[in-house]
Amino acid sequence: MEFMGSSYDGDYNNGRMEGSGEYTLPTHTRYVGEMKDGTFHGKGVLHFPNGSKYEGTWEKGISKEGKYTFSDGLEYKEMDWDYCDGKDRRFYSERCNGLKPAGESQLTDGDPPRTIPEGCYDSGDGFYDPSTRVVKDYDGSFLRNAGTQIFLAGNHCRFP
């Protein structure tokens, strides 16, 4: 695993990950939960670097059911999702705490907000620069190239 950049700390059975453990991917996403025969199996939680998480039940490495919670506490609902639809483009913090006074813009959902470089957008795990089509982390290190579209899940509704 060390050659792939991932790590595992937990129980083994016959040389395979089995029982309870913590598996960390090269992206710093962490799975904490039950393992069987070297795969996610049983109850477990994926913790993403941006603070969001997915709690689920896994079977042979495949999620069978679960729920996704954004870093600000908003829980995604597959059915009856009334947030971030065509009529409501507010940030989750605005729904919880109300709108800011007139004249104060809210470019990100954080409070206090991060300083966004001129012409860039907060992508939840860094900043997207449409002129270079590159996403860099909040410290300025390269994360990834972006295609023609970018989905800014960290902001729940900010579109470039």
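Contacts that reach far along the sequence make up a modest topic to start with: among contacts between residues at least 6 apart in sequence, 13% join residues at least 24 apart. The model behind this number, and behind everything that follows, is a predicted one. As for how much of the chain is tucked away, 31% of its 160 residues count as buried. The accessible surface adds up to about 10700 Å², and carbon and sulfur atoms account for 49% of that area.

On the secondary-structure side, there are ten strands and one helix. Walking along the sequence gives β-β-β-β-β-β-α-β-β-β-β, so that the helix follows six strands and precedes four, as the pattern is written. The helix, α1, covers residues 92-97 and includes S93. With a relative accessibility of 16%, S93 counts as buried. In space, the C-alpha atoms of S93 and L74 lie 9.2 Å apart, with their positions 19 residues apart in sequence.

Turning to the nonpolar interior, the largest core has nine residues: Y8, M17, Y23, Y31, M35, F40, L46, Y54 and W58. Strands β2 (16-24), β3 (30-36), β4 (39-47) and β5 (53-59) are the elements that each give two or more residues to this core. M35 is a handy place to look around from. Setting aside neighbours within four places in sequence, M35 is in contact with Y8, M17 and F40, as well as with E18, G19 and H41.

The loop between β2 and β3 holds T29. Despite its place in a loop, T29 has a relative accessible area of 8% and is buried. What does the side chain of T29 make a polar contact with? The partner is the side chain of T27, at 3.3 Å. Beyond its neighbours within four places in sequence, T29 is in contact with Y23, T24, L46, H47, F48 and P49. Two of these contacts, Y23 and L46, also belong to the nine-residue core.

Further along the chain, β7, β8, β9 and β10 form an open sheet in that order, with antiparallel pairing. The edges are β7 (121-122) and β10 (142-145), each of which pairs on one side only. Strand β9 (residues 134-136) is joined to β10 by three bridges, and the two run antiparallel. Within this pairing, V135 has R144 of β10 as its bridge partner.

At the other edge, β7 contains D122. Is D122 buried or exposed? Its relative accessibility is 3%, so D122 counts as buried, the cut-off being under 20%. The acidic side chain is not without a polar partner: D122 makes a polar contact with the side chain of Y138, at 2.7 Å.

Salt bridges come next, and the count is five. One of them ties this part of the chain together: D125 pairs with R144, with the closest N and O atoms 2.8 Å apart. This pair links distant parts of the chain, as D125 sits in the loop between β7 and β8 (127-129) while R144 is in strand β10, 19 residues apart. Both ends are partly exposed, D125 with a relative accessible area of 29% and R144 with a relative accessibility of 33%. R144 thus appears twice in the account of β10, as the bridge partner of V135 and as the salt-bridge partner of D125.

Another of the salt bridges joins the side chains of E75 and K67, at 3.1 Å from N to O. Here too the residues are partly exposed, with a relative accessible area of 39% for E75 and a relative accessibility of 34% for K67. K53 and E55 form a further salt bridge, with 3.8 Å between the closest N and O atoms. K53 has a relative accessible area of 30% and is partly exposed, and E55, at 29%, is partly exposed as well.

Key: Residues are numbered from 1 along each chain as its sequence is written. This is a predicted model: local features need pLDDT of at least 70, side-chain atom pairs count only at pLDDT 80 or more; totals for chains, interfaces and linings use all residues. Side-chain values use heavy atoms; hydrogens and water are left out. Buried means under 20% relative accessible area, exposed over 50%, partly exposed in between (1.4 Å probe, protein chains only). Contact means heavy atoms within 4.5 Å. Accessible areas come from the Shrake-Rupley method with a 1.4 Å probe; for residues, only the protein chains shown count as cover. Two strands pair if DSSP finds at least two bridges between them. A polar contact is a pair of N or O atoms within 3.5 Å; within protein, one must be able to donate a hydrogen and the other to accept it, and residues adjacent in sequence count only if both atoms are side-chain atoms. A salt bridge is a side-chain nitrogen of Lys or Arg within 4 Å of a carboxyl oxygen of Asp or Glu. A nonpolar core is a set of buried Ala, Val, Leu, Ile, Met, Phe, Trp, Tyr and Cys residues joined through side-chain atoms within 4.5 Å.
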